[in-house]
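Here are some informal notes to go with your first look at this protein. Have the sequence and the 3D view open while you read.

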Amino acid sequence: MISRNAVSPMQTWEAALESLRSAFGRPGWAIFSTFLTGWVLCTGRRTVVGIYRQADPDGQHAHDAFHRFIRCGAWKPEVLWRLLAQALVRTLVPDGLIELDLDDTLLHRTGSKVAGAGHWRDAVRSSGKRVVIAWGLNLLVVTLRVRTPWGGEPLGLPVWVVLHRKQGTKLTELATQALRTITGWFPDRRLRCCADGAYAATLMAADIPRLTSVSRMRRDAALYHMKPTNTGRRGRPRQRGERLGTPTQLAKRAKAWKSVVIDQRGRSVVKLVNSRIVLWYAVTKRPVLLVIVRDPQGREPDDFFVCSDIHLSPAEIAGAYAGRWSIEDTFRATKQSIHVQQPQSWAGAGPERAATLGFLLHSLVWWWFLTLPKRQQQVTATPWYARKAAPSFTDALAALRTVFWQTCILKTCSLTLPTVQNALRLGSDAVVGKPKSEGGRAGTARAGSGRSLSWSCYVGWLASSIQPHRQAGVADRSSGACRGASS
(Lines give C-alpha, C1' and ligand atoms only; values in the text may rest on other atoms or scores of the structure.)
Protein backbone atom coordinates (compact mmCIF):
# COMPACT_ATOMS: atom_id res chain seq x y z
CA MET A 1 0.00 0.00 0.00
CA ILE A 2 1.13 3.55 -0.69
CA SER A 3 2.95 5.20 2.21
CA ARG A 4 4.28 8.64 3.04
CA ASN A 5 7.56 6.95 4.04
CA ALA A 6 8.39 5.92 0.47
CA VAL A 7 11.92 6.83 -0.57
CA SER A 8 11.09 8.67 -3.80
CA PRO A 9 8.01 9.93 -5.69
CA MET A 10 8.53 7.17 -8.25
CA GLN A 11 8.43 4.52 -5.54
CA THR A 12 5.27 6.16 -4.20
CA TRP A 13 3.63 5.77 -7.60
CA GLU A 14 4.76 2.16 -7.88
CA ALA A 15 3.33 1.47 -4.42
CA ALA A 16 -0.02 2.94 -5.52
CA LEU A 17 -0.13 0.62 -8.52
CA GLU A 18 1.01 -2.30 -6.40
CA SER A 19 -2.14 -2.00 -4.27
CA LEU A 20 -4.14 -3.05 -7.36
CA ARG A 21 -1.90 -5.92 -8.44
CA SER A 22 -4.17 -8.70 -7.16
CA ALA A 23 -6.85 -7.72 -9.71
CA PHE A 24 -4.66 -8.93 -12.59
CA GLY A 25 -2.65 -11.90 -13.68
CA ARG A 26 1.03 -11.54 -14.55
CA PRO A 27 0.57 -10.59 -18.24
CA GLY A 28 -2.36 -8.30 -17.47
CA TRP A 29 -0.47 -6.54 -14.71
CA ALA A 30 2.45 -5.75 -17.03
CA ILE A 31 0.13 -4.26 -19.64
CA PHE A 32 -1.94 -2.40 -17.03
CA SER A 33 1.02 -0.66 -15.40
CA THR A 34 2.58 0.13 -18.78
CA PHE A 35 -0.70 1.47 -20.18
CA LEU A 36 -1.32 3.85 -17.26
CA THR A 37 2.25 5.13 -17.47
CA GLY A 38 1.82 5.81 -21.18
CA TRP A 39 -1.50 7.56 -20.52
CA VAL A 40 0.24 9.93 -18.10
CA LEU A 41 3.05 10.65 -20.56
CA CYS A 42 0.83 11.06 -23.59
CA THR A 43 0.27 14.68 -24.63
CA GLY A 44 -1.39 14.00 -27.99
CA ARG A 45 -4.71 12.30 -28.62
CA ARG A 46 -5.30 9.62 -26.00
CA THR A 47 -6.22 6.85 -28.37
CA VAL A 48 -5.11 3.34 -27.50
CA VAL A 49 -2.41 3.46 -30.18
CA GLY A 50 -1.36 6.97 -29.09
CA ILE A 51 -0.95 5.78 -25.51
CA TYR A 52 0.81 2.63 -26.71
CA ARG A 53 3.44 4.69 -28.56
CA GLN A 54 4.29 6.52 -25.33
CA ALA A 55 4.05 3.49 -23.06
CA ASP A 56 6.01 1.02 -25.16
CA PRO A 57 8.22 2.87 -27.70
CA ASP A 58 10.49 -0.17 -28.06
CA GLY A 59 7.58 -2.44 -29.02
CA GLN A 60 8.04 -5.04 -26.27
CA HIS A 61 4.28 -5.76 -26.49
CA ALA A 62 2.23 -5.96 -29.66
CA HIS A 63 -0.19 -3.05 -30.02
CA ASP A 64 -3.18 -5.39 -30.29
CA ALA A 65 -2.32 -6.74 -26.82
CA PHE A 66 -3.38 -3.37 -25.41
CA HIS A 67 -6.63 -3.50 -27.39
CA ARG A 68 -7.37 -7.02 -26.14
CA PHE A 69 -6.52 -6.02 -22.58
CA ILE A 70 -9.17 -3.29 -22.66
CA ARG A 71 -11.81 -5.21 -24.58
CA CYS A 72 -11.63 -8.72 -23.11
CA GLY A 73 -8.74 -8.88 -20.63
CA ALA A 74 -8.98 -11.25 -17.66
CA TRP A 75 -9.78 -8.55 -15.10
CA LYS A 76 -13.01 -7.32 -13.55
CA PRO A 77 -13.73 -3.62 -12.99
CA GLU A 78 -15.66 -4.44 -9.81
CA VAL A 79 -12.59 -6.01 -8.22
CA LEU A 80 -10.42 -3.10 -9.33
CA TRP A 81 -12.78 -0.53 -7.81
CA ARG A 82 -12.99 -2.47 -4.54
CA LEU A 83 -9.22 -2.60 -4.15
CA LEU A 84 -8.88 1.09 -4.99
CA ALA A 85 -11.70 2.23 -2.68
CA GLN A 86 -10.40 0.26 0.28
CA ALA A 87 -6.86 1.54 -0.28
CA LEU A 88 -8.04 5.16 -0.57
CA VAL A 89 -10.11 4.93 2.60
CA ARG A 90 -7.27 3.33 4.57
CA THR A 91 -4.87 6.07 3.51
CA LEU A 92 -6.95 9.24 3.17
CA VAL A 93 -10.02 8.63 5.37
CA PRO A 94 -8.76 6.23 8.06
CA ASP A 95 -11.56 7.02 10.53
CA GLY A 96 -14.84 8.89 10.82
CA LEU A 97 -17.54 9.30 8.21
CA ILE A 98 -17.00 8.17 4.61
CA GLU A 99 -18.48 10.79 2.27
CA LEU A 100 -19.59 9.81 -1.23
CA ASP A 101 -21.01 11.73 -4.17
CA LEU A 102 -23.05 10.21 -6.97
CA ASP A 103 -23.96 11.49 -10.43
CA ASP A 104 -24.02 10.48 -14.08
CA THR A 105 -22.10 12.00 -16.97
CA LEU A 106 -22.01 11.75 -20.75
CA LEU A 107 -18.86 10.78 -22.62
CA HIS A 108 -19.15 11.95 -26.21
CA ARG A 109 -18.21 9.29 -28.74
CA THR A 110 -18.27 9.02 -32.51
CA GLY A 111 -19.28 5.98 -34.52
CA SER A 112 -22.64 4.26 -34.82
CA LYS A 113 -21.34 0.88 -33.60
CA VAL A 114 -19.78 1.86 -30.26
CA ALA A 115 -21.01 -0.75 -27.80
CA GLY A 116 -23.30 0.73 -25.15
CA ALA A 117 -23.54 4.15 -26.79
CA GLY A 118 -26.85 5.92 -27.35
CA HIS A 119 -28.56 9.27 -27.59
CA TRP A 120 -28.64 11.00 -24.20
CA ARG A 121 -29.41 14.43 -22.85
CA ASP A 122 -26.28 16.56 -22.68
CA ALA A 123 -26.54 18.28 -19.31
CA VAL A 124 -23.71 20.70 -20.09
CA ARG A 125 -25.25 22.18 -23.24
CA SER A 126 -28.90 21.85 -22.22
CA SER A 127 -30.88 24.47 -20.33
CA GLY A 128 -34.34 24.85 -18.88
CA LYS A 129 -35.74 25.96 -22.25
CA ARG A 130 -33.56 23.94 -24.61
CA VAL A 131 -32.65 20.26 -24.50
CA VAL A 132 -29.56 19.08 -26.41
CA ILE A 133 -29.23 15.40 -27.30
CA ALA A 134 -25.78 13.92 -27.96
CA TRP A 135 -24.36 10.52 -28.90
CA GLY A 136 -22.11 8.83 -26.37
CA LEU A 137 -21.78 6.73 -23.23
CA ASN A 138 -23.88 7.45 -20.14
CA LEU A 139 -21.83 6.56 -17.06
CA LEU A 140 -22.86 6.42 -13.42
CA VAL A 141 -19.96 7.57 -11.24
CA VAL A 142 -19.49 7.42 -7.47
CA THR A 143 -16.66 9.47 -5.96
CA LEU A 144 -15.01 9.53 -2.56
CA ARG A 145 -14.92 13.03 -1.08
CA VAL A 146 -11.47 13.84 0.33
CA ARG A 147 -10.45 16.92 2.33
CA THR A 148 -7.15 18.37 1.16
CA PRO A 149 -4.30 19.65 3.37
CA TRP A 150 -4.45 23.05 1.61
CA GLY A 151 -8.17 23.49 2.33
CA GLY A 152 -10.73 24.84 -0.07
CA GLU A 153 -13.03 22.65 -2.12
CA PRO A 154 -12.71 18.90 -1.44
CA LEU A 155 -11.63 16.42 -4.08
CA GLY A 156 -13.79 13.75 -5.67
CA LEU A 157 -11.87 10.52 -6.33
CA PRO A 158 -13.82 7.99 -8.45
CA VAL A 159 -14.39 4.65 -6.70
CA TRP A 160 -17.11 3.23 -8.95
CA VAL A 161 -18.01 3.60 -12.63
CA VAL A 162 -20.69 1.61 -14.46
CA LEU A 163 -22.21 1.98 -17.92
CA HIS A 164 -25.92 2.77 -18.26
CA ARG A 165 -27.28 1.11 -21.39
CA LYS A 166 -30.44 1.77 -23.34
CA GLN A 167 -33.16 -0.78 -22.57
CA GLY A 168 -31.08 -1.96 -19.62
CA THR A 169 -31.20 -1.46 -15.88
CA LYS A 170 -32.56 1.92 -14.86
CA LEU A 171 -30.06 4.55 -13.83
CA THR A 172 -31.64 4.88 -10.39
CA GLU A 173 -31.43 1.12 -9.87
CA LEU A 174 -27.76 1.17 -10.87
CA ALA A 175 -27.24 3.89 -8.25
CA THR A 176 -28.86 1.78 -5.53
CA GLN A 177 -26.81 -1.28 -6.50
CA ALA A 178 -23.60 0.75 -6.48
CA LEU A 179 -24.27 2.17 -3.00
CA ARG A 180 -25.16 -1.26 -1.60
CA THR A 181 -21.93 -2.69 -3.03
CA ILE A 182 -19.73 0.11 -1.70
CA THR A 183 -21.39 -0.01 1.73
CA GLY A 184 -20.62 -3.73 1.87
CA TRP A 185 -16.91 -2.99 1.39
CA PHE A 186 -16.81 -1.12 4.72
CA PRO A 187 -18.90 -3.13 7.20
CA ASP A 188 -17.68 -1.19 10.26
CA ARG A 189 -18.00 2.37 8.90
CA ARG A 190 -20.85 4.84 8.41
CA LEU A 191 -21.29 6.44 5.00
CA ARG A 192 -23.08 9.47 3.59
CA CYS A 193 -23.99 9.95 -0.06
CA CYS A 194 -24.99 13.20 -1.76
CA ALA A 195 -26.74 13.22 -5.15
CA ASP A 196 -28.79 15.67 -7.16
CA GLY A 197 -32.57 15.76 -7.32
CA ALA A 198 -32.82 13.07 -10.01
CA TYR A 199 -31.85 10.46 -7.39
CA ALA A 200 -33.76 11.90 -4.42
CA ALA A 201 -36.72 9.53 -4.52
CA THR A 202 -34.51 6.48 -5.07
CA LEU A 203 -32.09 7.31 -2.24
CA MET A 204 -34.85 8.12 0.25
CA ALA A 205 -36.67 4.88 -0.55
CA ALA A 206 -33.56 2.68 -0.43
CA ASP A 207 -33.10 1.23 3.04
CA ILE A 208 -29.33 0.72 3.04
CA PRO A 209 -27.83 0.09 6.50
CA ARG A 210 -25.28 2.62 7.78
CA LEU A 211 -25.89 4.94 4.81
CA THR A 212 -27.27 8.47 5.10
CA SER A 213 -28.60 10.05 1.91
CA VAL A 214 -28.76 13.78 1.15
CA SER A 215 -30.38 15.18 -1.99
CA ARG A 216 -32.39 18.06 -3.37
CA MET A 217 -36.17 17.79 -3.03
CA ARG A 218 -38.41 18.73 -5.91
CA ARG A 219 -40.43 21.90 -5.34
CA ASP A 220 -43.81 20.30 -6.02
CA ALA A 221 -43.39 17.29 -3.69
CA ALA A 222 -46.49 16.44 -1.65
CA LEU A 223 -45.55 16.45 2.04
CA TYR A 224 -47.59 15.30 5.03
CA HIS A 225 -47.57 15.18 8.79
CA MET A 226 -46.38 11.95 10.36
CA LYS A 227 -48.68 8.95 10.65
CA PRO A 228 -51.14 9.51 13.52
CA THR A 229 -51.54 7.03 16.34
CA ASN A 230 -54.13 4.29 15.97
CA THR A 231 -57.52 5.40 17.29
CA GLY A 232 -58.81 1.85 17.82
CA ARG A 233 -61.80 2.41 15.57
CA ARG A 234 -62.91 -0.08 12.95
CA GLY A 235 -61.48 0.21 9.46
CA ARG A 236 -58.09 0.69 7.89
CA PRO A 237 -55.82 2.91 10.03
CA ARG A 238 -54.44 6.10 8.52
CA GLN A 239 -51.02 5.84 6.90
CA ARG A 240 -50.28 9.57 6.81
CA GLY A 241 -51.25 12.73 8.63
CA GLU A 242 -52.69 15.98 7.36
CA ARG A 243 -51.18 17.41 4.21
CA LEU A 244 -48.59 20.13 4.77
CA GLY A 245 -48.27 21.30 1.16
CA THR A 246 -45.28 21.58 -1.12
CA PRO A 247 -41.80 22.79 -0.07
CA THR A 248 -42.45 26.09 -1.82
CA GLN A 249 -45.66 26.62 0.17
CA LEU A 250 -43.92 25.71 3.42
CA ALA A 251 -41.15 28.23 2.68
CA LYS A 252 -43.72 31.00 2.21
CA ARG A 253 -45.40 30.20 5.55
CA ALA A 254 -42.17 29.63 7.50
CA LYS A 255 -41.38 32.15 10.23
CA ALA A 256 -38.82 30.45 12.49
CA TRP A 257 -35.65 31.09 10.47
CA LYS A 258 -32.28 30.44 12.02
CA SER A 259 -29.00 32.06 10.91
CA VAL A 260 -26.19 29.49 10.50
CA VAL A 261 -22.71 29.38 8.99
CA ILE A 262 -22.38 26.84 6.18
CA ASP A 263 -19.16 25.35 4.82
CA GLN A 264 -19.67 25.98 1.11
CA ARG A 265 -16.77 24.26 -0.66
CA GLY A 266 -14.16 25.58 1.77
CA ARG A 267 -15.75 29.03 2.31
CA SER A 268 -17.86 30.03 5.28
CA VAL A 269 -21.22 31.44 4.12
CA VAL A 270 -24.08 32.77 6.27
CA LYS A 271 -27.51 31.37 5.38
CA LEU A 272 -30.99 31.24 6.88
CA VAL A 273 -32.38 27.73 7.45
CA ASN A 274 -35.72 26.26 8.41
CA SER A 275 -36.16 22.54 9.00
CA ARG A 276 -38.91 20.14 9.96
CA ILE A 277 -39.59 16.42 9.95
CA VAL A 278 -42.05 15.46 7.23
CA LEU A 279 -43.49 12.40 5.53
CA TRP A 280 -42.81 12.14 1.78
CA TYR A 281 -45.55 9.57 1.39
CA ALA A 282 -45.21 9.03 -2.37
CA VAL A 283 -41.56 7.99 -1.89
CA THR A 284 -41.09 6.38 1.54
CA LYS A 285 -43.07 5.59 4.66
CA ARG A 286 -40.16 6.61 6.88
CA PRO A 287 -39.79 10.20 8.15
CA VAL A 288 -37.30 12.47 6.39
CA LEU A 289 -35.85 15.85 7.29
CA LEU A 290 -36.71 18.79 5.04
CA VAL A 291 -34.22 21.69 5.13
CA ILE A 292 -35.07 25.02 3.51
CA VAL A 293 -32.05 27.25 2.87
CA ARG A 294 -32.56 30.95 2.13
CA ASP A 295 -30.14 33.68 1.08
CA PRO A 296 -30.23 36.54 3.65
CA GLN A 297 -29.67 39.02 0.82
CA GLY A 298 -32.55 37.62 -1.21
CA ARG A 299 -30.43 37.30 -4.36
CA GLU A 300 -30.62 33.51 -4.72
CA PRO A 301 -33.77 31.36 -4.80
CA ASP A 302 -34.57 29.07 -1.89
CA ASP A 303 -33.03 25.61 -1.85
CA PHE A 304 -34.87 22.53 -0.57
CA PHE A 305 -32.83 19.60 0.71
CA VAL A 306 -33.99 16.27 2.06
CA CYS A 307 -32.03 13.92 4.34
CA SER A 308 -32.79 10.38 5.45
CA ASP A 309 -31.25 11.05 8.88
CA ILE A 310 -33.63 13.28 10.85
CA HIS A 311 -31.01 13.89 13.56
CA LEU A 312 -28.49 15.79 11.42
CA SER A 313 -28.24 19.55 11.81
CA PRO A 314 -29.55 21.74 8.95
CA ALA A 315 -26.16 23.45 8.57
CA GLU A 316 -24.40 20.09 8.15
CA ILE A 317 -26.92 18.96 5.53
CA ALA A 318 -26.61 22.17 3.50
CA GLY A 319 -22.80 22.07 3.69
CA ALA A 320 -22.71 18.40 2.69
CA TYR A 321 -24.76 19.05 -0.42
CA ALA A 322 -22.63 22.07 -1.35
CA GLY A 323 -19.55 19.81 -1.31
CA ARG A 324 -21.20 17.64 -3.98
CA TRP A 325 -19.71 20.00 -6.57
CA SER A 326 -16.42 18.11 -6.29
CA ILE A 327 -17.82 15.39 -8.56
CA GLU A 328 -18.47 18.00 -11.25
CA ASP A 329 -14.82 19.05 -11.07
CA THR A 330 -13.91 15.38 -11.44
CA PHE A 331 -15.91 15.16 -14.66
CA ARG A 332 -14.17 18.25 -16.00
CA ALA A 333 -10.67 16.97 -15.13
CA THR A 334 -11.21 13.50 -16.60
CA LYS A 335 -12.56 14.95 -19.86
CA GLN A 336 -10.19 17.91 -20.30
CA SER A 337 -6.92 16.66 -18.74
CA ILE A 338 -7.08 12.87 -19.02
CA HIS A 339 -9.26 12.95 -22.17
CA VAL A 340 -11.22 9.89 -21.11
CA GLN A 341 -13.46 10.25 -24.20
CA GLN A 342 -10.66 9.64 -26.72
CA PRO A 343 -9.62 5.93 -26.42
CA GLN A 344 -10.94 4.32 -29.62
CA SER A 345 -12.30 1.07 -28.18
CA TRP A 346 -15.73 0.25 -29.55
CA ALA A 347 -16.48 -3.50 -29.34
CA GLY A 348 -17.73 -5.61 -26.44
CA ALA A 349 -16.94 -4.22 -23.01
CA GLY A 350 -14.11 -2.07 -24.43
CA PRO A 351 -15.81 1.35 -24.19
CA GLU A 352 -16.85 0.84 -20.57
CA ARG A 353 -13.47 -0.57 -19.57
CA ALA A 354 -11.56 2.23 -21.27
CA ALA A 355 -13.64 4.75 -19.32
CA THR A 356 -12.98 2.76 -16.15
CA LEU A 357 -9.22 3.06 -16.64
CA GLY A 358 -9.51 6.80 -17.29
CA PHE A 359 -11.44 7.50 -14.10
CA LEU A 360 -9.17 5.12 -12.21
CA LEU A 361 -6.15 7.12 -13.38
CA HIS A 362 -7.73 10.31 -12.00
CA SER A 363 -7.97 8.74 -8.53
CA LEU A 364 -4.44 7.34 -8.68
CA VAL A 365 -2.87 10.66 -9.71
CA TRP A 366 -4.58 12.57 -6.92
CA TRP A 367 -3.78 9.81 -4.41
CA TRP A 368 -0.11 9.93 -5.38
CA PHE A 369 -0.02 13.74 -5.19
CA LEU A 370 -1.69 13.91 -1.77
CA THR A 371 0.93 11.60 -0.26
CA LEU A 372 3.87 13.72 -1.44
CA PRO A 373 5.68 15.97 1.02
CA LYS A 374 4.26 19.48 1.11
CA ARG A 375 7.36 20.97 -0.51
CA GLN A 376 6.78 18.80 -3.59
CA GLN A 377 3.10 19.76 -3.99
CA GLN A 378 3.93 22.65 -6.27
CA VAL A 379 1.42 25.10 -7.73
CA THR A 380 1.98 26.37 -11.26
CA ALA A 381 0.97 30.04 -11.43
CA THR A 382 0.12 31.57 -14.79
CA PRO A 383 -0.06 35.24 -15.88
CA TRP A 384 -3.85 35.01 -16.05
CA TYR A 385 -4.06 33.31 -12.62
CA ALA A 386 -1.23 34.90 -10.65
CA ARG A 387 -2.98 34.48 -7.29
CA LYS A 388 -3.40 30.73 -7.63
CA ALA A 389 -2.77 29.17 -4.22
CA ALA A 390 -4.18 25.61 -4.37
CA PRO A 391 -2.94 22.84 -6.69
CA SER A 392 -5.23 21.69 -9.48
CA PHE A 393 -5.41 18.32 -11.20
CA THR A 394 -3.23 19.64 -14.02
CA ASP A 395 -0.54 20.43 -11.42
CA ALA A 396 -0.75 16.89 -10.03
CA LEU A 397 -0.60 15.35 -13.50
CA ALA A 398 2.34 17.55 -14.52
CA ALA A 399 4.22 16.63 -11.33
CA LEU A 400 3.78 12.91 -12.00
CA ARG A 401 4.80 13.34 -15.64
CA THR A 402 7.94 15.18 -14.56
CA VAL A 403 8.83 12.35 -12.18
CA PHE A 404 8.56 9.87 -15.06
CA TRP A 405 10.79 12.06 -17.22
CA GLN A 406 13.41 12.48 -14.50
CA THR A 407 13.50 8.75 -13.79
CA CYS A 408 13.86 7.79 -17.44
CA ILE A 409 16.51 10.42 -18.19
CA LEU A 410 18.57 9.41 -15.15
CA LYS A 411 18.53 5.83 -16.39
CA THR A 412 19.36 6.84 -19.96
CA CYS A 413 22.36 9.06 -19.28
CA SER A 414 24.72 9.54 -16.36
CA LEU A 415 23.41 12.86 -15.06
CA THR A 416 22.64 14.18 -11.62
CA LEU A 417 19.08 14.92 -10.56
CA PRO A 418 19.59 18.73 -10.25
CA THR A 419 20.98 18.82 -13.80
CA VAL A 420 17.94 16.98 -15.14
CA GLN A 421 15.54 19.20 -13.19
CA ASN A 422 17.15 22.36 -14.56
CA ALA A 423 17.05 20.99 -18.10
CA LEU A 424 13.39 20.06 -17.73
CA ARG A 425 12.61 23.61 -16.73
CA LEU A 426 14.64 24.98 -19.63
CA GLY A 427 13.06 22.55 -22.06
CA SER A 428 9.48 23.15 -20.97
CA ASP A 429 8.56 24.24 -24.50
CA ALA A 430 9.64 20.87 -25.80
CA VAL A 431 7.67 19.10 -23.10
CA VAL A 432 4.41 20.40 -24.53
CA GLY A 433 5.49 19.52 -28.07
CA LYS A 434 7.02 22.87 -29.14
CA PRO A 435 10.83 22.62 -28.95
CA LYS A 436 12.95 24.90 -31.07
CA SER A 437 13.79 23.47 -34.45
CA GLU A 438 17.24 23.50 -35.99
CA GLY A 439 16.51 26.84 -37.62
CA GLY A 440 15.81 28.42 -34.22
CA ARG A 441 12.08 28.84 -34.86
CA ALA A 442 9.62 27.38 -32.36
CA GLY A 443 7.39 24.72 -33.84
CA THR A 444 6.05 21.24 -33.32
CA ALA A 445 8.81 18.65 -33.23
CA ARG A 446 8.45 16.04 -35.93
CA ALA A 447 10.06 12.66 -36.30
CA GLY A 448 11.31 11.33 -39.59
CA SER A 449 7.95 9.71 -40.34
CA GLY A 450 6.06 12.97 -39.83
CA ARG A 451 4.63 11.96 -36.48
CA SER A 452 4.73 14.15 -33.37
CA LEU A 453 7.68 13.90 -31.00
CA SER A 454 7.47 10.66 -28.98
CA TRP A 455 8.72 10.03 -25.48
CA SER A 456 11.84 8.17 -26.56
CA CYS A 457 12.70 10.90 -29.09
CA TYR A 458 12.30 13.54 -26.41
CA VAL A 459 14.59 11.70 -24.00
CA GLY A 460 17.25 11.47 -26.67
CA TRP A 461 16.84 15.12 -27.62
CA LEU A 462 16.99 16.29 -24.02
CA ALA A 463 19.98 14.11 -23.18
CA SER A 464 21.88 15.44 -26.21
CA SER A 465 21.06 19.01 -25.23
CA ILE A 466 22.07 18.49 -21.59
CA GLN A 467 25.37 16.70 -22.15
CA PRO A 468 27.25 19.55 -23.95
CA HIS A 469 26.23 22.03 -21.27
CA ARG A 470 27.32 19.59 -18.59
CA GLN A 471 30.69 19.03 -20.27
CA ALA A 472 31.13 22.79 -20.75
CA GLY A 473 30.40 23.32 -17.06
CA VAL A 474 33.01 20.74 -16.13
CA ALA A 475 35.53 22.41 -18.44
CA ASP A 476 34.82 25.84 -16.99
CA ARG A 477 35.28 24.53 -13.46
CA SER A 478 38.54 22.81 -14.48
CA SER A 479 39.93 25.95 -16.14
CA GLY A 480 38.93 28.00 -13.11
CA ALA A 481 40.74 25.59 -10.84
CA CYS A 482 43.87 25.82 -13.05
CA ARG A 483 43.76 29.61 -13.03
CA GLY A 484 43.42 29.56 -9.23
CA ALA A 485 46.41 27.23 -8.92
CA SER A 486 48.64 29.31 -11.23
CA SER A 487 47.85 32.51 -9.39
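1. In which helix is W405 found? It sits in helix α12, which covers residues 393-412. Before going further, please keep in mind that this is a predicted model. Is W405 buried or exposed? W405 counts as buried because its relative accessible area is 7%, under the 20% cut-off. Try locating L41 next: 364 residues separate L41 and W405 along the chain, yet their C-alpha atoms are 8.6 Å apart.

2. Now the overall picture. The protein chain holds 15 helices and twelve strands. Of its 487 residues, 49% are buried. If you take the contacts with a separation of 6 or more, 64% of them are between residues 24 or more positions apart. The accessible surface adds up to about 24900 Å², and carbon and sulfur atoms own 51% of that.

3. A helix to look at for burial is α3, residues 48-55. Six of its eight residues are buried, which leaves the helix mostly covered. Which ones are they? The buried set is V48, G50, I51, Y52, Q54 and A55.

4. On the outside, have a look at the charges. K227, R236, R240 and R243 come together as a positive surface patch. Where is R236 placed? You'll find R236 in the loop between β7 (223-224) and β8 (243-245). R236 counts as exposed because its relative accessible area is 69%, and the cut-off for that is over 50%.

5. Salt bridges deserve a point of their own. How many does a search of the whole structure find? The search turns up 17. One of them pairs E18 with R21, with 3.5 Å between the closest N and O atoms. Both partners are partly exposed: E18 has a relative accessibility of 40%, and R21 comes in at 36%.

6. Another pair is R68 and D64, where the closest N and O atoms are 3.3 Å apart. Why is their spacing in the chain worth a glance? R68 and D64 are four residues apart in helix α4 (residues 63-72), so about one helical turn separates them. As background, an α-helix has 3.6 residues a turn, so residues three or four places apart point the same way. Both ends of this bridge are partly exposed, with R68 at 40% relative accessible area and D64 at 33%.

7. The D122 and R125 pair has a 2.9 Å N to O distance between its side chains. Here the partners fall into separate burial classes: D122 is buried, with 4% relative accessible area, whereas R125 is partly exposed, at 47%. Elsewhere, salt bridges with shared partners link E99, D101, R145, R147, R192 and E316 into one network.

8. Next, S337. Its place is the loop between α10 (326-336) and α11 (350-370). Is S337 buried or exposed? S337 counts as buried because its relative accessibility is 14%, under the 20% cut-off. What does it touch, once neighbours within four places in sequence are set aside? The contacts of S337 are then R46, R332, F393, T394 and L397.

9. Finally, two arginines with a backbone angle to check. Most residues other than glycine have a negative phi, and most peptide bonds are trans. R210 has a positive phi, near 65 degrees, and belongs to the loop between α7 (200-205) and β6 (211-216). R210 is partly exposed, with 26% relative accessible area. For R265, phi is also positive, near 55 degrees. R265 is in the loop between β9 (258-264) and β10 (267-278), and R265 is partly exposed as well, at 30% relative accessible area.

Definitions and conventions. Residues are numbered from 1 along each chain as its sequence is written. This is a predicted model: local features need pLDDT of at least 70, side-chain atom pairs count only at pLDDT 80 or more; totals for chains, interfaces and linings use all residues. Side-chain values use heavy atoms; hydrogens and water are left out. Buried means under 20% relative accessible area, exposed over 50%, partly exposed in between (1.4 Å probe, protein chains only). Contact means heavy atoms within 4.5 Å. Accessible areas come from the Shrake-Rupley method with a 1.4 Å probe; for residues, only the protein chains shown count as cover. Patches are made of residues with over 30% relative accessible area and no salt bridge: like charges are joined within 9 Å, nonpolar side chains (Val, Leu, Ile, Met, Phe, Trp, Tyr) within 5 Å. A salt bridge is a side-chain nitrogen of Lys or Arg within 4 Å of a carboxyl oxygen of Asp or Glu. Lys and Arg count as positive and Asp and Glu as negative; His and the chain ends are not counted. The place of a charge is taken as NZ of Lys, CZ of Arg, CG of Asp or CD of Glu.
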